[in-house]
Amino acid sequence: MLDVGLPTPAQPDRSVVPNIARIRDYWVGGDHHTETDVELAQRIELCAPHVPYLVRAQRSLVRRMVGHLVARGVTQFLDLGSGLPNAGYVHDVARAADPASRVVYVDADPSLDADARALLDGVPGTAFVGADVRRPAEVLGHPDLTRVLDLDRPVAVLMIELLLHVPDGEDPAGLVASYVDATVSGSHLALSHFGEDDEVLAGFELFEQLRFGQWPAVNLRPRETLEHYLAGLELVEPGVVPVPLWRPDSEDEAVRNPEKARVYAGLGRKP
């Protein structure tokens, strides 16, 4: 993930410093988190109890998107701002559908490197690149990326929650365009983004009122902004919708009033 405001020492001490990527790992049932990560996760849950569900819903969304893409012949994936590549994530889903699939994860957080590489150890056709996704030329030219992905063939670029951490002043639309422009016809862009949600905003306020610390800096945007980021691409049905409504594949994923989930997702194909 991008730096979202949590303190990071020069040599990270995971026993002391909570980490957003590891908090997500806790919420999705992983085992690469510490007691301090769990403590902060539980404080967030207290103030915004629906956030862990939304994180898990996006993890399920990625599995559905990856399955959809592999079924249509796309077997290369670039996951930007990936966090930890836990079991059951992009590489597992893609390789289960087509063992020839290739996946590169990219994250700027240096404290994730050792665990991310350990999680991928021995998994062919995968790599973890420690780099800032806001520097597309460096990411796309990284030798570990070019060793795994062939950019002359279609690639699915995944930006799941990524733009949540990119303020307007850093030109998120331009960042999206940089990666789309670098891919060939038949490539895809997958986006998800937290929308403007009164409950989330109330959770931010409560978190600070209880003196739990400063809520990690995020940027909430409406569905229309996500549609703007995907402009020029061929939208895959059902378009930009709340995450639970993007091609749900089982009754287990059904939720009450899914249209009210203020996290949106869309998948676009480059013509």
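Which elements cover the buried residues of α5? The views below take up this and related points in a predicted model, in which local features need pLDDT of at least 70 and side-chain atom pairs count only at pLDDT 80 or more, while totals for chains, interfaces and linings use all residues. Residues are numbered from 1 along each chain as its sequence is written, and side-chain values use heavy atoms, with hydrogens and water left out.

**View 1. The buried side of helix α5.** The cover over the buried residues of α5 includes α1, α4, β2 and β3 (126-130), where helices (H or I, at least four residues) and strands (E, at least two) are DSSP runs numbered from the N terminus. In α5, the buried residues (under 20% relative accessible area with a 1.4 Å probe, protein chains only; exposed is over 50% and partly exposed in between) are Asp115, Ala116 and Leu120. Because they cover an arc of only 130° around the axis, they lie on the same side of α5; the arc is that of the directions from the helix axis to the C-beta atoms. After α5 comes Gly122, whose phi is positive, near 85°.

**View 2. The crossing of helices α1 and α2.** The axes of α1 (residues 20-27) and α2 (residues 35-47) come within 9 Å and cross at roughly 75°, the axes being lines fitted to C-alpha atoms over the stretch in contact, with angles running from 0 to 180 degrees between N-to-C directions. That makes α1 roughly perpendicular to α2, a term for angles of 65 to 115 degrees, whereas under 35 counts as roughly parallel, over 145 as roughly antiparallel and the rest as oblique. The contact (heavy atoms within 4.5 Å) involves Arg22, Ile23, Tyr26 and Trp27 of α1, and from α2 Asp37, Val38, Leu40, Ala41, Gln42, Ile44 and Glu45.

**View 3. The largest nonpolar core around Val90.** A nonpolar core is a set of buried Ala, Val, Leu, Ile, Met, Phe, Trp, Tyr and Cys residues joined through side-chain atoms within 4.5 Å; the largest holds 36 residues, of which Val66, Phe77 and Val90 touch the most other members. Among the elements that each supply at least two residues of this core are α3 (51-71), α4 (90-97) and β2 (102-107), and its largest share, eight residues, comes from α3. Not counting residues up to four places away in sequence, Val90 touches Val62, Val66, Phe77, Asp79, Val103, Tyr105 and Leu158.

**View 4. The surroundings of His68 in helix α3.** His68 has its place in α3 and is buried, with a relative accessible area of 9%. Leaving aside neighbours within four places in sequence, His68 is in contact with Val236, Trp246, Arg247 and Leu267.
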